[in-house]
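Here is a quick walk through one model, starting from a single residue and working outward. Keep the 3D view open while you read.

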Amino acid sequence: MDKIAKDVGDIQSRLLDHRPVINAEIRYFVREFEEKRGHRESRLLENLNKIVTETNEQMLPTDLEGMLSNVFTRLDAANHMAERVQQRELEAQQSTQLQGSMERLKEEWAEFLKEQQRLKEEVDEEHAKAVGQLSTTYNEKKKDLTKFSPL
């Protein structure tokens, strides 16, 4: 937080503090006017410099507070946007993982159904053999019974 305030202060001083430029321009004008018009313009320029300096000192703190609140508002908005982007990426990643899991489960289900079909065929085959053996045994017993029964 302290670093942000320092950075904002540096940005503010570079963007809004025009004193060095103004002072250089004033010195240039003073030299020009002293040569051409005497000290009358230099007094006027000194007064203007004084007014500009006072205005600059008075305006800076209120502008700085306004700028800081604006910067914080924009920073909050940027953080909110970044969180939304991260949330969307996470949802997309989870969706991709979910699709992969669904495909894997479908493959496992298909394998399970194939295995069940194979087991059904084995049971049907064993059942057919058992029915055949029982039929054969039953027929043999029936024949034996017919041999022993007097007709």
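## Starting at N49

Leaving aside residues up to four places away in sequence, N49 touches I22, N23 and I26. Take I22 from that group: 27 residues separate it from N49 along the sequence, yet their C-alpha atoms sit 8.0 Å apart in space. N49 itself belongs to helix 3, which covers residues 40-148.

## How far to trust it

Bear in mind that this is a predicted model. Mean pLDDT for the chain is 83, and 84% of the residues reach at least 70. Which helix has the lowest confidence in the chain? That would be helix 1 (residues 2-16), with a mean of 70, while helix 3 has the highest at 87. Where pLDDT is low, predicted coordinates shouldn't be read in detail.

## The overall layout

There are three helices here and zero strands, so to speak a plain α-α-α pattern when you read along the sequence. The chain has 151 residues, and buried ones make up 6% of them. About 13500 Å² of the chain is exposed, with carbon and sulfur atoms supplying 57% of that area.

Part of the surface is a nonpolar patch formed by L44, L48 and I51. Together these three residues offer about 290 Å² of accessible area. One of them, L44, is found in helix 3, as is N49.

## A salt bridge on its own pair

Side chains of opposite charge can pair when their charged atoms come close. How many salt bridges does the structure hold? The count is four, and three of the pairs are worth a look here.

Begin with R104 and E108, whose side chains meet in a salt bridge at 3.1 Å, N to O. Why can these two reach each other? They are four residues apart in helix 3, so about one helical turn separates them. Both ends are partly exposed: R104 has a relative accessible area of 44%, and E108 has 42%.

## The network around R118

Further along, R118 pairs with two glutamates. With E115, the side chains meet in a salt bridge at 2.4 Å, N to O. With E122, the closest N and O atoms of the salt bridge are 2.3 Å apart. Put together, E115, R118 and E122 are linked in a network of salt bridges.

The helix spacing fits this picture. R118 and E115 both lie in helix 3, three residues apart, or about one turn of the helix. On the other pairing, R118 and E122 are four residues apart in helix 3, so about one helical turn lies between them too.

Is this trio buried, exposed or partly exposed? R118 counts as partly exposed at 37% relative accessibility. E115 is partly exposed as well, with a relative accessible area of 34%, and E122 falls in that class at 35%.

## Pulling it together

What you have, then, is a chain of three helices and zero strands, with 6% of its residues buried. Helix 3 has the highest mean confidence, 87, and helix 3 is also where R104 and E108 lie four residues apart. The linked E115, R118 and E122 are a good place to zoom in next.

Definitions and conventions:
Residues numbered from 1 in each chain as written. Predicted model: local features only at pLDDT ≥ 70, side-chain atom pairs only at ≥ 80, totals over all residues. Heavy atoms only, no water. Buried < 20%, exposed > 50% of the residue type's maximum accessible area, 1.4 Å probe, protein only. Areas by Shrake-Rupley, 256 points an atom, 1.4 Å probe, with all protein chains shown as cover. Patch = residues over 30% accessible without salt bridge, like charges linked within 9 Å, V, L, I, M, F, W, Y side chains within 5 Å. Contact = heavy atoms within 4.5 Å. pLDDT = per-residue confidence, 0-100.
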